[in-house]
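Q: Got a minute to go through this one with me? Start with the core, then we can jump around.

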Amino acid sequence: MNSSDYTLGAINYYLTVYSGYATVIPGLIGNMINIVVFTKLKLFRGNPSAFYLIIGSIFDSWQLLFLTTPRFASIASGYDATQTSLFWCKLRAYLVNIGAVILTTNICFAAIDQYLSTNYYLRLRQLSSYKLAQRAVATLIIFALLYAAVFLFFFEIQTICGTFNPGFNYFYSFVHFCLFIGLFPIVISLLFSCLAYQNVRRIVRRPAAGGRRRLDHQLTAMILVRVALFVCTTVPYISLRIYQINHSPNQNNTFAVAVDQVIRTCFNTVYTIDTSAVFYIFLISSPRYRRQVRYILFKKNWRKTWANKIKRNRIVANANQIQAIESPQPSVELD
């Protein structure tokens, strides 16, 4: 290995390891907070758009665990199990593609639902329901489980874990990546999130309370920035993956392989931001969400802890009073 190969290898190592720590740990914490806020706050209960955001946070964590963590762990440890275990090679591809299908389609569902829920026409607003959201997500999960099964058959190990069938590579790059994971969800989510934003801007006074209108504003803005993050991080990654699937570097050319690994690591890092930064862009873009997070994590828990402490103190005080009343008074004997 010459000096340039060694330098590129060192760059790839440090970039992978440190970007992995910087995205996986904060990403898992942020996704967990999203789930807690959307499930604990009464304002979001029964709201289909909030339900889609919960599902998104769950599968953001799924991708961080099965896509990002094995990648940087293999570089950090110097041992890649996908190159030695055919079972793990196939299983990881299956799990990662399940997560990719559910995540991208769920973002589309959220954008479409927010467009319907903010629409002027009552008939369209009625199409946005919690039960419909649950059925849509259940159907999506079943479809993803069945669809991703095809990757179990075509992933194999030939020096690296990947697909080596030319026909399947064409499907994998131009149908799966370009259309199913790339173009279709990007266009659909952008279109309906922008339409929902227009609905909110031109919303007329309805019998609904002002709190409902503020919730529509908040969820529409959050879904819009979620879609923007998805588009900005997915387009470069999808473009690179399509190119690399169809133009693999010569494995005998160590410099070309090293350059390819560094470029892939950079684009993978950008793509990982889509699953790790959602909570933080919600905090930045929505002052109302910041107050809700602060309330759930601090005020509500603090009040609960304080109330439990007061309750325990009262129980102890009452017990002491009862004991004092029931205990016999000491007798005094006269000589």
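Q: Which residues touch the most other members of the largest nonpolar core?
A: This is a predicted model. Its largest nonpolar core has 60 residues, and V37, F38, F44, F151, F282 and Y289 touch the most other members.

Q: Which elements give two or more residues to this core?
A: The list is α1 (3–40), α2 (48–77), α3, α5, α7 (166–201), α8 (210–246), α10 (278–285) and α11 (287–326).

Q: And which of them gives the most?
A: Helix α3 does, with 13 residues.

Q: Take F151 from that set. What does F151 touch, leaving out residues up to four places away in sequence?
A: F151 touches N97, F168, Y172 and H176.

Q: Back up a bit. How many helices and strands are there in the protein?
A: Eleven helices and two strands. From the N terminus, the order is α-α-α-α-α-α-β-β-α-α-α-α-α, with the two strands following the sixth helix.

Q: What share of the residues is buried?
A: Of the 335 residues, 42% are buried. The accessible surface is about 18,900 Å², and carbon and sulfur atoms account for 65% of that area.

Q: What about contacts, how many join residues at least 24 apart?
A: Among contacts between residues at least 6 apart in sequence, 80% join residues at least 24 apart.

Q: Where does the UniProt annotation put "transmembrane region"?
A: The UniProt entry, which is unreviewed, gives that annotation to residues 20–38, 50–73, 93–112, 132–154, 174–198, 219–242 and 262–284.

Q: Pick 174–198. What is the chain over those residues, helix or strand?
A: Residues 174–198 are 100% helix and 0% strand, with the end C-alpha atoms 33 Å apart. For residues 219–242 the figures are 100% helix, 0% strand, and 33 Å between the end C-alpha atoms.

Q: Anything in α8 that packs on another part of the chain? Say V231, what does V231 touch?
A: V231 lies in helix α8. Leaving out residues up to four places away in sequence, V231 touches I186, L190 and P236. V231 and I186 are 45 residues apart in sequence, yet their C-alpha atoms are 6.1 Å apart in space.

Q: Is V231 buried or exposed?
A: Buried, because its relative accessibility is 15% and the cut-off for buried is under 20%.

Q: Switching to cysteines. How many disulfides does the structure hold?
A: One. The disulfide joins C89 to C161, with an S to S distance of 1.9 Å. The link of C89 and C161 is right-handed, with 85 degrees about the S-S bond.

Q: Which parts does the pair tie together?
A: C89 lies in helix α3 (residues 86–117) and C161 in strand β2 (residues 160–163), so the disulfide ties together parts that are 72 residues apart in sequence.

Q: And accessibility, are C89 and C161 buried or exposed?
A: C89 is buried, with a relative accessible area of 1%. C161 counts as partly exposed, at 23% relative accessibility.

Q: Now C108 and C178, buried or exposed?
A: C108 is buried at 7% relative accessible area. C178 is partly exposed at 28%.

Q: On to polar stuff. Where is S128 found?
A: S128 is found in the loop between α4 (122–125) and α5 (130–147). S128 counts as buried, at 15% relative accessibility.

Q: What joins the side chains of S128 and D113?
A: A polar contact of 2.7 Å. Not counting residues up to four places away in sequence, S128 touches P48, D113, L116 and S117.

Q: Last one, T275. Which helix is T275 found in?
A: T275 is in helix α9, which covers residues 254–276. T275 is buried, with a relative accessible area of 6%.

Q: What does the side chain of T275 reach?
A: The T275 side chain reaches the backbone oxygen of T272 at 3.0 Å.

Q: And beyond residues up to four places away in sequence, what does T275 touch?
A: T275 touches N31, D60, Q63, L64 and L103.

Conventions. Residues are numbered from 1 along each chain as its sequence is written. This is a predicted model: local features need pLDDT of at least 70, side-chain atom pairs count only at pLDDT 80 or more; totals for chains, interfaces and linings use all residues. Side-chain values use heavy atoms; hydrogens and water are left out. Helices (H or I, at least four residues) and strands (E, at least two) are DSSP runs, numbered from the N terminus. Buried means under 20% relative accessible area, exposed over 50%, partly exposed in between (1.4 Å probe, protein chains only). Contact means heavy atoms within 4.5 Å. Accessible areas come from the Shrake-Rupley method with a 1.4 Å probe; for residues, only the protein chains shown count as cover. A polar contact is a pair of N or O atoms within 3.5 Å; within protein, one must be able to donate a hydrogen and the other to accept it, and residues adjacent in sequence count only if both atoms are side-chain atoms. UniProt positions are given in the numbering used here, feature names are shortened, and annotations may be inferred rather than shown by experiment. A disulfide is a pair of cysteine sulfur atoms within 2.5 Å. A nonpolar core is a set of buried Ala, Val, Leu, Ile, Met, Phe, Trp, Tyr and Cys residues joined through side-chain atoms within 4.5 Å.
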